[in-house]
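Hi,

Here is the structure I promised to pass on to you. Have a look at it first, and then read my notes underneath.

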Amino acid sequence: MFGYIIINKGDMKFKEFDIYHSYYCGLCDTLKRQYGKVGQLSLSYDMTFLVMLLSSLYEPDTELSQVKCIAHPFEKHTVRKNEFSNYAADMNVMFTYYKCRDDWEDDRKLSRLAYGRLLRRAYRSVCISYGAKAKKIDGLMRELSLEEKRENQDIDYMAGLFGEIMGEILAAKADEWQESLRTMGVFLGKFIYLMDAYEDVEEDIRQHRYNPLKRRFESPDFEEEIKTILTMMMAECCREFEKLPIIENAEILRNILYSGIWYRYEMVHQKREKGREEDDA
Amino acid sequence: MRDPYDVLGISRGATEEEIKKAYKALSRKYHPDANINNPHKEEAEEKFKEIQQAYQQIMKERTEGYSYQSGGYQGAYGGSGGSSGSSYGGYGDFGGFGGFGGFGDFGSAWGGTGTGYEEDNYLRAAGNYVRNGYYKEARTVLDGMEESRRNARWYYYSALTHAGLGNQVSALEHARRAAAMEPGNRDYSNLVYQFENGGSWYRQRQYTYGQPYNVGNSLCLKLCIANLICNLCCGGGGLCCGGGPYYRY
């Protein structure tokens, strides 16, 4: 999906990694069972975070099993599955479908058109099960792509739209935690949207594509400015996270929210700085 | 309302983990789903609501400390939190300002500034809206004022309005603009400081992890940690250490 919500493996205990991995495998298996190989292809770490966040908050009955799979044919490993694996699988399929639609409309990528077509049936079944939620996300995705075509440079507004989408995805149940999860999602979504724009800004300028950071990129303080903004978003997201009664797997989730989420930022930032030094030399 | 700590059966010095554990145990016991066949299920439901409220109140009090208590994050974690604000010196009374996002408490951000700035009726109206949390109305008034009337005060109100509406980036920009237009004004420079440092507890926690992506550069990281430790000792959120924009590495 976006590939930003990942762990910092170097800072994770082996035991924690095994648990994380078991939820990842559980999601993979759920995608395969519900949507076949086509669905399985959409597997992402981002949604693994969602499964773990919701599982740790609600502590539902979780099925533990040992399997072998194609990716690891010789060793058995643990799989954890629960109601949130199903929920995350559904959200993953829906979101991937929208991404394909967007990529096709924007860039005319044939591969995305083809994959989107394959996902269409799965997508329709998700829409039926999640009536209002699916409708809201669909509306927001359409508005986002419309505003991108209009070259809207108001980054609060644009990031806010994506934030609302993530808020809708995180708020899985209509209950007492709904608002906290939604707030977390809003800020996580803003972070992802801006991070994505940050990563693509040079390429987008070259290709004359939309990017909400185009104007800011000219500024000499660009790098510092973006880091401040991204930090603000994650601080708000985590402020809400810390309020949730999460004990189980809290350290794994913190590893993602405080560290792993910065992996791509650091990668892009360091490469860009290096490129600049070379240019200067 | 009963003391929320009593409701959860814990002491005021309880760590966050203890609070969460107490809450989980009680909420499991009284959750409506677990009491469908209970003849006293209404009482259980009442109790469940009470537990819920108590938990949310405690967490709200503790997390609001994050924003203005330099290093307070760790403090609250270790269970020694509570005396929030005092460590911040002059900034203490910015309380509850929660950086961005959830705030709802701009009231305290209003120093004793006179209204001498606000000869303009529109500006005064906008100020009143902001003070009372009517951000949408404030935005409408502010946006209706033409460019030539947009002074430092305008940018200050605009920053607060944007923050209230969840527009973090514009809030920061307008606060900086106000501060640049009128460098001597404490309210303006304080607002910029708050916005820029609202995430300092987050950054401090972030540095307990290694760099997620690292090719060399470890000296810089060490310097950042040194800076962090220095800030903790001085207890001044970087004030006495000459301000530590940690992100400069």
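Below is what I found, going from confidence to the contact between the chains and then to some local details.

A word on conventions: residues are numbered from 1 along each chain as its sequence is written, while chains are lettered from A and ligands numbered from 1 in the order in which they are written. This is a predicted model, in which local features need pLDDT of at least 70, side-chain atom pairs count only at pLDDT 80 or more, and totals for chains, interfaces and linings use all residues.

**Confidence**

The model scores ipTM 0.85 and pTM 0.81. Chain A has an average pLDDT (the predictor's confidence in each residue, from 0 to 100) of 91, and 100% of its residues score at least 70. Within chain A, the highest confidence is found in helix 6, at a mean of 96, and the lowest in strand 2, at 84. Helices (H or I, at least four residues) and strands (E, at least two) are DSSP runs, numbered from the N terminus.

For chain B the average pLDDT is 72, with 63% of the residues at 70 or above. Residues 67–115 of chain B have a pLDDT below 50, and this stretch makes 100 contacts in the model beyond near neighbours in sequence. A contact here means that the C-beta atoms of two residues, placed from the backbone, lie within 7 Å. Residues 232–249 of chain B also stay under 50, with 32 contacts beyond four places in sequence. Where pLDDT is low, the predicted coordinates should not be read in detail.

**Chain B overall**

Chain B has eleven helices and zero strands. Of its 249 residues, 38% count as buried, which means that 20 or more other C-beta atoms lie within 10 Å of the residue's own (12 or fewer is exposed, in between is partly exposed, and C-beta atoms are placed from the backbone). Among contacts in chain B with a separation of 6 or more, 46% link residues 24 or more positions apart.

**Where the chains meet**

33 residues of chain A are in contact with 34 residues of chain B. On the chain A side, helix 6 (155–170), helix 9 (222–243), helix 10 (250–259) and helix 11 (263–280) each give two or more residues. Helix 9 of chain A provides the largest share, 13 residues. By class, that side of chain A has 13 nonpolar, ten polar and ten charged residues. For these classes, Ala, Val, Leu, Ile, Met, Phe, Trp, Tyr, Cys and Pro count as nonpolar, Asp, Glu, Lys and Arg as charged, and the others, Gly among them, as polar.

**Cores**

A nonpolar core is a set of buried Ala, Val, Leu, Ile, Met, Phe, Trp, Tyr and Cys residues joined through C-beta atoms within 7 Å. The largest one has 114 residues, and A:Leu27, A:Leu50, A:Phe191, A:Leu194, A:Met234 and A:Cys237 have the most contacts inside it. Helix 7 (residues 178–206) of chain A gives the most to this core, with 13 residues. Leaving aside neighbours within four places in sequence, A:Cys237 contacts A:Met184, A:Phe187, A:Leu188, A:Phe191 and A:Leu257. Apart from that core lies another, of 13 residues, including B:Leu8, B:Tyr23, B:Phe48 and B:Met59.

**Helix 10 of chain A and the loop before it**

Seven of the ten residues of helix 10 of chain A are buried, among them A:Asn255, A:Leu257 and A:Tyr258. Their cover includes helix 1 (14–40), helix 2 (45–58) and helix 9 of chain A, together with helix 10 (200–206) of chain B.

A:Glu248 sits in the loop between helix 9 and helix 10 of chain A. A:Glu248 counts as partly exposed because it has 14 C-beta neighbours inside 10 Å. Not counting residues up to four places away in sequence, A:Glu248 touches A:Ser56 and A:Glu59. A:Ser56 is 192 residues from A:Glu248 in sequence, yet their C-alpha atoms are 5.5 Å apart.

**The hairpin**

Strand 1 (residues 63–69) and strand 2 (residues 72–81) of chain A run antiparallel and are joined by six bridges; strands pair if DSSP finds at least two bridges between them. They form a hairpin with two residues between them. A:Glu63 has A:Lys81 as its bridge partner, and A:Val67 stands opposite A:His77. Strand 1 is hardly covered, with zero buried residues among its seven.

Best wishes
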